[in-house]
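Please take a moment with the sequence and the fold shown here before reading on. The paragraphs that follow move from one sheet to another and end at a single residue.

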Amino acid sequence: MFDLQTTHPFQSHDDHFHEECAVFGIWGADADEDEPSKAATITATGLHALQHRGQEACGIVAFNQGRFLVHRAIGLVGDVFGKGKADDGRSGPLLRLTGDAAIGHTRYATSGKGEGPAPIRNIQPLWTDLDETGGFALAHNGNLTNANTLKADLRAEGRRFQSTVDTEVILDLMARSRERRLASRLIDALSRVVGAYSIVGLSAKKLIGVRDPSGVRPLVLGRLDNAWIICSETCALDIVGATYVRDIDPGEMVVIDEDGLQTFRPFAPAPHRFCIFEYIYFSRPDSFVEGNNVYAIRQAIGQELAREETHSADMVVPVPDSGTPAAIGYARQSGIPFELAVTRSQLAGRSFIEPDQESREQVVRRKLNVNRDMVRGKRVVLVDDSIVRGTTSKILVRMFRDAGVREVHMRIASPPTKSPCYYGVDTPSKGELIYNQYATIEQMERHLGVDSLRYLSVPGMYRAVGQQDIPEDESECGARAGYCDACFTGSYPIELVDNSITDSKQKDLFREFGN
C-alpha cells in the first residue's frame, strides 16, 4: 500500500550543465518510539548534501508496517522537508515517513516542466505493485538511451505511461518479467535497457543498489551504526555521520536485507567509462569520486590550465563557487595572486519571479557582484569550470568592464563543450552550445567581450586526473583512460539507440512521450 502526498511551487534554471539526479537509500536505521522517522530523517539529511545534483524536485519513500509512505514535491530539500515544524522540532512531512528503511531522490527536470500535474508525476522515487513480490519503489540517476524505443514497444502492448521519466520504463519491465524473485525481476528489466544508471530500490524486505556496467554515474556504499547506506556521493555519508565502505562497482548489484549484504554481478562486463565531468563540475568538492578527492583534482586541473598557457595579469579571480578550486590551482602554478573579487550571494536562492518579468542580467547581478575597488585598472584572469551557452559569462564580463577593469582574460578549466550528454545530464542542444556557434576563438572573444579566451585541452584534462599514456587522437582519450568525455569529444561510449531511429519516427516518439 502506498500513501502519497505531493506539493508543487515554481522552479527556475541557470546557465550550467545540470546533473539531473541524486539518490540515497538506507536500510536498518533502528527507528523507535523516540525516533519513528529515523530512516526518512537521515535520507532527507543525505539528500540535502546532494542538493547540488538536483535542485528542482525531491521525494522520499519510507516503509513501515506493511505500507510505503511517500512524500514528493517540487522544491529544495530544505523547503520540502523542513516545513510545518512539530512541537519536538522535527519537520512535518517527515513525521509521516516512519520506519527503518527509506530511499530518496532529488532531481533537475528535463521534461514535464511547468505547472500542473505532469511534474508531480515525474518526481521520484516512483513505485509499483509487483503481484506476489509486493510493492517496489525505485530512484534512478542517469538516462536510458533506448527509453523511447522501449516505451513504443510497451505502448503497442497496451501500456499507458503516467510519467515521462525513464524510471517508469524499468518498473514496467519489472512488472512484465516472468521471474519470481524481486532481484531477478530487476536484473531481467535492466538486461533490456541501454544507457547509464545508478539505482536504489526499496521493497518490504530489501534495499537494492545497482550501477550500470560502464559505471557512468557514481554510487557508493556506507555504514551508519547497524544501518547500510547506498548513495550518489561520499559527502552524503559525511553529513549523516556514516562511514564510507567502498564504491559500488560498475555492473554490480548490492542486495541488503535482514540477513545482511549480498553482492552480484549479473551483467556482461563493459569497458569502464566514468563521467569525467563529475570531477569538473557535478560532484561536490568535498566528495571522493572513484577514490579521488574532487577538490584536489580541480586544483590539479587549474594547475594544468596554467601550464598550457599563462597570461601576464595582476590577479586570478574565480567565478564562484565552482571555479574556485581551479582558480587556486591556476594561481599557484602561475604565481599570479589569487583574489576573491567576485562575491556570490549565498542567500539569493532561486528566483520566484516569472522568467518574462526578470531579465537574465538581473538574475546574474542578483547572484554575483564584482568588487569594483579591487579590480579597477587591473588585468584579471577570470577562471570558470566550464562555459555552456555563454550568457552568464558575457554578463559577468560586462560587470567587470563596468567596474573599470583594464583587461579580462577568461580561462576555462575544461575543454570546449561541443556535444550534448545523453547519459543523465540536462544539456542544451548541440546548436545552442557557444563553441558551436562561432568559427574561431577570436569570434567567441568578441562575443563575450574578453581580451582573450583559452580552454583546457583534452590531454591536459587527462593529465590532471593522473593519466600518463594519452593518445594523440582526442577521441580515443576516454576509451584509453576509462572515462566518458562525449560532451567534449563527441565520442559516445554507450549506444544512442533512440538517436538512431529515423527523424520522422523519433519526432513521433518525442511527441508521444515528451522526453
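Which strands does helix 15 lie across, and at about what angle does it run to strand 25? Helix 15 (residues 441-448) lies across strand 23 and strand 25, and its direction makes about 120 degrees with that of strand 25. This is a predicted model, in which local features need pLDDT of at least 70 and side-chain atom pairs count only at pLDDT 80 or more, while totals for chains, interfaces and linings use all residues. Residues are numbered from 1 along each chain as its sequence is written, and side-chain values use heavy atoms, with hydrogens and water left out.

Helices (H or I, at least four residues) and strands (E, at least two) are DSSP runs numbered from the N terminus, and two strands are said to pair if DSSP finds at least two bridges between them. Angles run from 0 to 180 degrees between N-to-C directions, with axes fitted as lines to C-alpha atoms, for helices over the stretch in contact, where contact means heavy atoms within 4.5 Å.

Strands 23 and 25 belong to an open sheet of four strands with parallel pairing, in the order 19-22-23-25. Its edges are formed by strand 19 (315-318) and strand 25 (452-455), each of which pairs on one side only, and neighbouring strands of this sheet are turned by 25 degrees against each other on average, direction ignored. Strand 19 runs parallel to strand 22 (residues 379-384) and is joined to it by four bridges, with Met315 opposite Val380 of strand 22. Helix 11 (residues 324-334) lies across strand 19, strand 22 and strand 23 (407-412), and runs at about 165 degrees to strand 19.

A further open sheet has six strands in the order 7-8-9-10-14-15, and here the pairing is antiparallel. Strand 7 (126-129) and strand 15 (260-264) stand at its edges with a single partner strand each, so one side of each is left without a neighbour in the sheet. From one strand to the next the twist averages 20 degrees, and helix 6 (residues 166-176) packs on the sheet, touching strand 7, strand 8 (135-144) and strand 9 (195-203), at about 130 degrees to the direction of strand 8.

Within this sheet, strand 10 can be followed on either side. A hairpin of three residues joins strand 9 to strand 10, and these two strands pair in the antiparallel sense over five bridges, Ile199 having Val210 as its bridge partner in strand 10. Strand 10 (residues 207-211) also pairs with strand 14 (residues 253-257), antiparallel and over four bridges, where Val210 stands opposite Met253 and Leu207 opposite Ile256. Both faces of strand 10 are covered, with Leu207, Gly209 and Arg211 on one side and Ile208 and Val210 on the other all buried (under 20% relative accessible area, against over 50% for exposed and partly exposed in between, with a 1.4 Å probe and protein chains only).

The last stop is Asp485, in the loop between strand 26 (483-484) and helix 18 (486-489). Leaving aside neighbours within four places in sequence, the contacts of Asp485 include Ile276, Tyr462 and Ser491, and its side chain reaches the backbone nitrogen of Gly478 at 3.5 Å.

Note on methods. A polar contact is a pair of N or O atoms within 3.5 Å; within protein, one must be able to donate a hydrogen and the other to accept it, and residues adjacent in sequence count only if both atoms are side-chain atoms.
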